[in-house]
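Subject: Handover of a structure

Dear colleague,

Please find the structure for your studies below. My notes on what was found in it follow.

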Amino acid sequence: MSDEATFPGIGMISEGTLRPQDLIPTFLDVLRKHDPRQRRAEQADTSEGFVAATPIPYEAWEDEDHGWWESEEASEFLSEVMDNLDELCPPFVHFGTTGGDGALYGLWPEVEMAAEDPYVAKLQDCGRLGGGTCLNGEALDDEKDWEEVA
């Protein structure tokens, strides 16, 4: 595995739940795969009775009805894990929920923010998005080679 953080890619990570006992393990799986800091922390952690590099008691990890999942500590840890996922994102991408569904977590593009960025705005016809649309909002002709424009 690489010693550098990698971007997991645009898209959904979790849907249909807001329960910490569902979200935290799912989000930790993504961090383990893409963030070497998480892997190193887990390898270095020698505490007993807890899931490596987390404040999660083993009993809670094995029991989704354990009281820890409803604790302030669980809520704070979930926020920390979400912040770590957001740190993996490149510019103009964020980790969080979609605007329409508060339980659909993933890594989502911020197209409006990118289009408003002064550097990106200078690109004009560059940066083609799906459907033949450029970041400046103009549609490209089907015959126009957008790569030559860039």
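Phe27, Phe95 and Tyr105 are linked into a cluster by ring pairs. Please bear in mind from the outset that the model is predicted.

The aromatic cluster

Searching the whole structure yields four aromatic pairs. One of them joins Phe27 and Phe95 in an edge-to-face arrangement, with 5.1 Å from centre to centre and 85° between the planes. Phe27 belongs to helix 1 (residues 20-34) and Phe95 to strand 2, so that this pair links distant parts of the chain, 68 residues apart. Phe27 and Phe95 are both buried.

A second partner of Phe27 is Tyr105, and this aromatic pair is also edge-to-face, at 5.4 Å centre to centre and 65° between the planes. Because Phe27 lies in helix 1 and Tyr105 in strand 3, the pair ties together parts that are 78 residues apart in sequence. Tyr105 is buried, as is Phe27. As general background, two numbers describe a pair of aromatic rings: the distance of the centres and the angle of the planes.

The hairpin

Two members of the cluster sit in strands, Phe95 in strand 2 and Tyr105 in strand 3. How do these strands pair, in the parallel or the antiparallel sense? Strand 2 (residues 93-97) and strand 3 (residues 104-109) are antiparallel, and five bridges connect them. Together they form a hairpin, with six residues between the two strands. Within this pairing, Val93 stands opposite Pro109 of strand 3.

The chain as a whole

The chain contains seven helices and three strands. In sequence order, these elements follow the pattern β-α-α-α-α-β-β-α-α-α. Of the 150 residues in the chain, 33% are buried. The accessible surface amounts to about 9,200 Å², and carbon and sulfur atoms account for 48% of this area. If one takes the contacts between residues at least 6 apart in sequence, 46% join residues at least 24 apart.

Two residues with positive phi

In general, most residues other than glycine have a negative phi. Which residue in the loop between helix 2 (36-44) and helix 3 (58-62) deserves a look on this account? The residue in that loop is Ala53, whose phi is positive, near 60°, although Ala53 is not a glycine. Ala53 is partly exposed, with a relative accessible area of 27%.

Phe92 likewise has a positive phi, of about 70°, and is not a glycine. Phe92 is found in the loop between helix 4 and strand 2. Its relative accessible area is 27%, so Phe92 counts as partly exposed.

Confidence in the model

The mean pLDDT of the chain is 80, and 76% of the residues score at least 70. Among the elements of the chain, helix 4 (residues 72-87) has the highest mean pLDDT, 95, while helix 7 (residues 146-149) has the lowest, 48. Over residues 123-133 the pLDDT stays under 50, and for this stretch the model has 24 contacts beyond four places in sequence. Where pLDDT is low, predicted coordinates should not be read in detail.

With kind regards

Key
Residues numbered from 1 in each chain as written. Predicted model: local features only at pLDDT ≥ 70, side-chain atom pairs only at ≥ 80, totals over all residues. Heavy atoms only, no water. Pairing = 2+ DSSP bridges. Helix = DSSP H or I, 4+ residues; strand = E, 2+ residues; numbered from the N terminus. Phe/Tyr/Trp six-rings, centres within 6.5 Å; stacked < 30°, edge-to-face > 60°. Buried < 20%, exposed > 50% of the residue type's maximum accessible area, 1.4 Å probe, protein only. pLDDT = per-residue confidence, 0-100. Contact = heavy atoms within 4.5 Å. Areas by Shrake-Rupley, 256 points an atom, 1.4 Å probe, with all protein chains shown as cover.
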